[in-house]
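Work through the exercises below with the structure open. Each task is followed by a solution in steps.

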Amino acid sequence: MTSPRAVLVGPPGSGKSTVGPLLAERLGVDFRDADADIEAAAGRSIPEIFTSDGEPAFRELEKRAVADGLGSYEGVYSLGGGAILAEETRALLAGHTVVFLSVSMPAGMQRTGMSTARPVLAGVNPRATYKQLLEARLPLYRSVATAEVDTDERRPDEVVDAVLAALGEKAPVEGTS
Ligand SMILES: Nc1ncnc2c1ncn2[C@@H]1O[C@H](COP(=O)(O)OP(=O)(O)OP(=O)(O)O)[C@@H](O)[C@H]1O
Ligand SMILES: O=C(O)C1=C[C@@H](O)[C@@H](O)[C@H](O)C1
Ligand SMILES: [Mg+2]
């Protein structure tokens with residue numbers, strides 16, 4: 001049975017899609033992003049799927065994509081921000097190495113900023129939505145995580161160092177790799 005070397009979870013803007021490829025490169029493994037897999041399989045963007053089919057339909061696609069990925073990927077695997085909402089997905093994550101990339105509300109808001117690529121943050125009050133989302137999901141991220149890394153005061157490469165340390169992998173010394 002294969003298992004991803006590390007699964008990254010966390011809210012929108014925590015940096016899963018940014019840090020994932022950097023982490024994979026440092027570990028010398030492949031990178032996969034569940035959101036990108038869903039878009040490729042559907043031939044549509046996530047906002048398009050939300051608009052035409054609705055969020056519950058997206059969550060079904062997400063559950064299937066993540067179940068496939070967890071059973072077949074061996075590299076770094078970044079999940080979508082809301083993947084942990086599904087109880088089945090949380091159950092499947094047991095036994096995997098799961099890193100929760102945490103981010104505070106101000107930093108997460110700043111990073112997700114003006115982007116329209118996140119339908120869950122669309123609406124009249126993205127600030128309140130983001131706050132609610134963080135509060136509701138924090139216990140869920142923690143329930144699946146085997147390690148937690150705070151990303152607020154770290155650049156993406158520093159997040160990678162912290163993740164490697166949390167995984168017990170020594171970060172290569174500059175200039176030696
Ligand atoms: N540690 C960091 N410091 C500063 N900016 C960051 C950091 N990590 C990510 N960013 C920036 O924040 C934005 C969101 O990052 P990213 O898309 O990787 O988040 P995500 O966790 O994958 O979100 P989603 O759940 O929506 O897929 C990007 O513009 C990225 O460049
Ligand atoms: O936080 C969420 O619920 C989401 C985050 C993104 O990664 C996408 O999976 C989608 O936009 C939903
Ligand atoms: Mg992402």
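**Exercise 1.** Classify Ser 17 as buried or exposed, or in between, and place Ser 17 in its surroundings.

Solution. Step 1: Ser 17 has 17 other C-beta atoms within 10 Å, so Ser 17 is partly exposed (buried means 20 or more such atoms, exposed 12 or fewer, partly exposed in between, with C-beta atoms placed from the backbone). The model is predicted: local features need pLDDT of at least 70, side-chain atom pairs count only at pLDDT 80 or more, and totals for chains, interfaces and linings use all residues. Residues are numbered from 1 along each chain as its sequence is written, while chains are lettered from A and ligands numbered from 1 in the order in which they are written.

Step 2: Ser 17 belongs to helix H1, residues 16–27 (a DSSP run of H or I, at least four residues, numbered from the N terminus).

Step 3: Leaving out residues up to four places away in sequence, Ser 17 touches Asp 33 and Ser 78 (C-beta atoms within 7 Å).

Step 4: An unreviewed UniProt entry lists Ser 17 under "binding site"; such annotations may be inferred rather than shown by experiment.

**Exercise 2.** Describe the place of Phe 50 and its contacts.

Solution. Step 1: Phe 50 sits in helix H3, residues 46–53.

Step 2: Phe 50 is partly exposed because 17 C-beta neighbours fall inside 10 Å.

Step 3: Beyond four places in sequence, Phe 50 touches Glu 55, Phe 58 and Pro 119.

Step 4: Phe 50 and Val 120 are 70 residues apart along the chain, with 9.1 Å between their C-alpha atoms.

Definitions and conventions:
Helices (H or I, at least four residues) and strands (E, at least two) are DSSP runs, numbered from the N terminus. Two residues are in contact if their C-beta atoms, placed from the backbone, lie within 7 Å.
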